[in-house]
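This briefing covers a sheet, its strand pairing and a few selected residues. The points are grouped by topic.

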Amino acid sequence: MPQHKFNKLEGARVLVLGGTSGIGFSVAEGSLEYGASVVIASSNPEKVENAVSRLRKAYPELSSRISGQACDLYEISTMEANITSLLEFATKDGKKIDHLVNTAGSPGTAPPLPEVTPEQIGGSNTRLAGVMMLAKHAPKYMEPGPQASITLTTGTMLFKPVKEFVTGIPWAGAIDAASRALSISLAPLRVNAVSPGAIDTELLQSMGNGNEEIRQATYQVFRDTNLLGTLGRPEDTAEAYLYLMKDRFVTGQTILTDGGRLLK
């Protein structure tokens, strides 16, 4: 009988927050293809229902391994209750979570520095609060030891800021710092982060507010600012998350998938 030494996700349970679109949806797809069961979550119940339906249609033989529940990480007053409810849902059959991936983005934009308000900066703190509350509650629902992991999402502007987006960049540093600090606090549970560059997701496609000329110009800027001259694909970027789940000897690291943007 053949060994399956490298398929470390076979039989695992993966919880993906932000799993209804873009990178998170691709992480869910990749996890299924490697033999895991998947629970996806986002703040929008309709999007969760649609994403579960899409996955079950794409992988009909794996339907029983696919489920989802809405979880709002942005309302401070209900944040902990929402997280606990999601974790209870994800483990309701008695099987614990092996890997938790958070690709959930925060609503809003990055206004120019002269126009930014304290309330807008506070939105970034809400995102960090969601990460910390996940770290507070999730370990009780996860398998112990280095075979389990939490993977967060930051961005390449952390390492190479862009002037126009300066007010949106501090959260990236906070998530990077949190992943390293949590890797110490939660050890031997592993905690890492992925730092994507410009990835061709639904979020990026919405840039320009329906103005195709602006969208294409923005795309070209992103292409021109990396070594490969293209945008990343969600299914390629998802490989970074899958790697961090499978390598049981990596923790406290931020992995870049940026097309060489930092070197351009």
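Helices are DSSP runs of H or I with at least four residues, and they are numbered from the N terminus. T237 lies in one of them, helix α8. The model is predicted. Its sheet is open and has seven strands with parallel pairing.

**Sheet**

- The strand order across the open sheet is β3-β2-β1-β4-β5-β6-β7.
- The edge positions are taken by β3 (66–70) and β7 (254–257). Each of these two has a single partner strand, so one side of each lacks a neighbour in the sheet.
- From one strand to the next, the twist averages 20°.
- Strand β6 (residues 190–196) runs parallel to β7, and four bridges join the two.
- Within this part of the sheet, A193 stands opposite T254 in β7.
- Helix α2 (residues 45–58) packs on the sheet, where it touches β2 (37–42) and β3. The direction of α2 makes about 175° with that of β3.

**T237 in helix α8**

- The relative accessible area of T237 is 1%. Buried means under 20%, so T237 falls in that class.
- Beyond its neighbours within four places in sequence, T237 is in contact with I23, P196, I199 and T257.
- One of these contacts, P196, belongs to the residue range of β6 (190–196), and another, T257, belongs to that of β7 (254–257).

**Q205 in helix α6**

- Q205 is found in helix α6, which spans residues 202–205.
- With a relative accessible area of 37%, Q205 is partly exposed. This class applies because the value lies between the limits of 20% for buried and 50% for exposed.
- Not counting residues up to four places away in sequence, Q205 touches D200, R215 and Y219.
- Q205 and A172 are 33 residues apart in sequence, and their C-alpha atoms are 21 Å apart in space.

**Nonpolar surface patch**

- A nonpolar patch on the surface is formed by F159, L227, L228, L256, L262 and L263.
- Together these residues have about 590 Å² of accessible area.
- One of the patch residues, L228, is placed in the loop between α7 (212–224) and α8 (234–246).
- L228 has 63% relative accessibility and counts as exposed, because the cut-off for that class is over 50%.
- Another patch residue, L256, falls in the residue range of β7 (254–257).

Key:
Residues are numbered from 1 along each chain as its sequence is written. This is a predicted model: local features need pLDDT of at least 70, side-chain atom pairs count only at pLDDT 80 or more; totals for chains, interfaces and linings use all residues. Side-chain values use heavy atoms; hydrogens and water are left out. Patches are made of residues with over 30% relative accessible area and no salt bridge: like charges are joined within 9 Å, nonpolar side chains (Val, Leu, Ile, Met, Phe, Trp, Tyr) within 5 Å. Accessible areas come from the Shrake-Rupley method with a 1.4 Å probe; for residues, only the protein chains shown count as cover. A salt bridge is a side-chain nitrogen of Lys or Arg within 4 Å of a carboxyl oxygen of Asp or Glu. Buried means under 20% relative accessible area, exposed over 50%, partly exposed in between (1.4 Å probe, protein chains only). Two strands pair if DSSP finds at least two bridges between them. Axes are lines fitted to C-alpha atoms, for helices over the stretch in contact, and angles run from 0 to 180 degrees between N-to-C directions. Contact means heavy atoms within 4.5 Å.
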